[in-house]
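Open your viewer and get ready to click along. We will go from stop to stop, with a selection to make at each one.

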Amino acid sequence: ENPPLSPLDKTDLAFSEGSQSLYKPEPLEKVLNGDVLNILKVTIFFQLSERAAMDASYVQELDGILKEARTIENHLKQKRESLKQRFTVIANTL
């Protein structure tokens, strides 16, 4: 009735019977949904990382601006003191 199986055919048959009980193929839709979800997660992660890097650069830029503003403020204070001293000298000579 059934033709005799070669040793290779027996191995294939045993593997396919055993593997069916261990592995259940998932529906394609479920696999694709998982992949899309992972792609979205990675995309969001990279966008947040880029924004964090931009925020960090903004903080550094603001720090630089504040340092420059403090330097200018100190320079103006020194100029004011110098002008006060000059006006005092001028007032004393009058």
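## Stop one: the charged pairs

The model counts two salt bridges. Keep in mind as you look that this is a predicted model. The idea behind such pairs is simple: side chains of opposite charge can pair when their charged atoms come close.

Select E73 and K77 to see one of them, and find the closest N and O atoms, which are 3.9 Å apart. How far apart along helix 2 are E73 and K77? They are four residues apart, so about one helical turn separates them. Turn on the surface and you can check their surroundings: E73 counts as partly exposed because its relative accessibility is 41%, and K77, with a relative accessible area of 40%, is partly exposed too.

Now select K84 and E81, whose side chains meet in a salt bridge with an N to O distance of 3.8 Å. These two residues sit three apart in helix 2, so here again the separation is about one helical turn. K84 is partly exposed at 46% relative accessible area, and E81 is partly exposed at 39%.

## Stop two: a pair of rings

Next, show the aromatic side chains; the structure holds one aromatic pair. Select F45 and F46, and place a marker at each ring centre: the centres are 5.7 Å apart and the planes stand at 65 degrees, so the pair is edge-to-face. Those two values are what you need, as a pair of aromatic rings is described by the distance of the centres and the angle of the planes. Is F45 buried or exposed? With 52% relative accessibility, F45 counts as exposed.

## Stop three: a nonpolar patch

Select V36, L40, I44 and L48 and display them as a surface. Together they form a nonpolar patch on the outside of the model, with about 380 Å² of accessible area. Pick out L48, which lies in helix 2, the element that covers residues 28-93. L48 counts as exposed because its relative accessibility is 51%.

## Stop four: the whole chain

Zoom out and colour by secondary structure: the chain has two helices and zero strands. What share of the 94 residues counts as buried? The answer is 0%. Show the full surface, and you are looking at about 9,300 Å² of accessible area, of which carbon and sulfur atoms account for 62%.

## Last stop: colour by confidence

Finally, switch the colouring to pLDDT. The mean for the chain is 80, and 67% of the residues reach 70 or more. Then select residues 5-19, where the pLDDT is below 50; beyond near neighbours in sequence, this stretch has two contacts in the model. Where pLDDT is low, the predicted coordinates should not be read in detail.

Conventions: Residues are numbered from 1 along each chain as its sequence is written. Side-chain values use heavy atoms; hydrogens and water are left out. Patches are made of residues with over 30% relative accessible area and no salt bridge: like charges are joined within 9 Å, nonpolar side chains (Val, Leu, Ile, Met, Phe, Trp, Tyr) within 5 Å. Accessible areas come from the Shrake-Rupley method with a 1.4 Å probe; for residues, only the protein chains shown count as cover. A salt bridge is a side-chain nitrogen of Lys or Arg within 4 Å of a carboxyl oxygen of Asp or Glu. Buried means under 20% relative accessible area, exposed over 50%, partly exposed in between (1.4 Å probe, protein chains only). Rings of Phe, Tyr and Trp (its six-membered ring) pair if their centres lie within 6.5 Å; planes under 30 degrees apart count as stacked, over 60 as edge-to-face and the rest as tilted. pLDDT is the predictor's confidence in each residue, from 0 to 100. Contact means heavy atoms within 4.5 Å.
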